[in-house]
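Welcome to this short tour. Please open your viewer and keep the selection tool at hand.

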Amino acid sequence: MERTIYIEHIDPRALFGTGNNLFQRFCHHFPKLKVVARGEEIKIQGPEDEIAIFEERFTLLMALAQRKNTLAEADITTLLQGECAGDDPQALVYGNDGKTIRARTPNQQALAAAYTHNDLIFALGPAGTGKTYTAIALAVRALKNKEVKRIILTRPAVEAGERLGFLPGDMKEKLDPYLQPLYDALHDMIPGKKLQQYMEEGTIQIAPLAYMRGRTLDNACVILDEAQNTNMGQLKMFLTRMGCNAKFIVTGDATQIDLPKKSDSGLLKAAKLLKQTTGIAFIHFDERDMVRHPLVKTIVKAFERGTEGD
């Protein structure tokens, strides 16, 4: 009997290993089969029952490679023993080079838990607490698990000390610096070639908030970052884009408003209006969630004290 398996949505190098060593180790456990791999196509010849076992285990291996982006010999061994192939139950997503991305602090964990039961989440708190990073990890996990069909990341294009019109380049080049933190997080979690493919296909979209107007966002995980720099009208516009099977996460820090008039920020006003609404969760991050350099916590506290004295 002969069967063909096609590898889709996975870099064969991550699946096969250096010099095909992982694939050869996998095939070594099926001595009755003749297995030939050419690019994204695998041909198998041998007894039907052996082919069925090979196909079942290889399907699990492909799923694991898609989640982790890379495999180790231990994953092959564990999978062939019929176990859970090295999944970390606390992992949100596996980043590049097998890096495990977890919700590391109590409020990051609360955000991950809230995602399961709510379609709209407000994640509020100071810089360095992992609000946006955790939100993007949840979005990537949902995409890999086929819970959503696309990820949409957006930010308001508000100047923080520089005038947008005076920056060099065309409009995309002017806007990209505002969106760079979102690109950085995605590059941690998705291999570069795969990320480029997702973006070319529109599976992952990164755009300024103004580009959301008029759209209905179905089957998507949508993240609005730096929401403290939106006014009430912009927030209403964004939140009313929610379509069927959509998850919305709004992140922001009310102490870092870059609008000309800080009172124009709609973030806390919208949170107050919606706080009693079923299906909406509010996670309040604080200095205990800070995961950057230890000095960041001290800096934030110092600035808070300085602001109180104004």
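Start by selecting I152, which stands opposite V222 in β9. Both belong to a pair of strands: β7 (residues 150-155) runs parallel to β9 (residues 220-224), with five bridges joining them. Strands count as paired if DSSP finds at least two bridges between them; strands (E, at least two residues) and helices (H or I, at least four) are DSSP runs, numbered from the N terminus.

A word on the source: this is a predicted model, where local features need pLDDT of at least 70 and side-chain atom pairs count only at pLDDT 80 or more, while totals for chains, interfaces and linings use all residues. Residues are numbered from 1 along each chain as its sequence is written, and side-chain values use heavy atoms, with hydrogens and water left out.

Next, widen the selection to the open sheet of six strands, ordered β8-β7-β9-β10-β6-β11 with parallel pairing. Its edge strands, β8 (204-208) and β11 (280-284), each pair on one side only.

Now add helix α6 (residues 131-144), which packs on the sheet and touches β6 (120-124), β7, β8, β9 and β10 (247-252). Contact here means heavy atoms within 4.5 Å. The direction of α6 makes about 160 degrees with that of β7; axes are lines fitted to C-alpha atoms, for helices over the stretch in contact, and angles run from 0 to 180 degrees between N-to-C directions.

Finally, show the whole chain: eleven helices and eleven strands. Of its 310 residues, 47% count as buried, meaning under 20% relative accessible area (1.4 Å probe, protein chains only).

Conventions: Buried means under 20% relative accessible area, exposed over 50%, partly exposed in between (1.4 Å probe, protein chains only).
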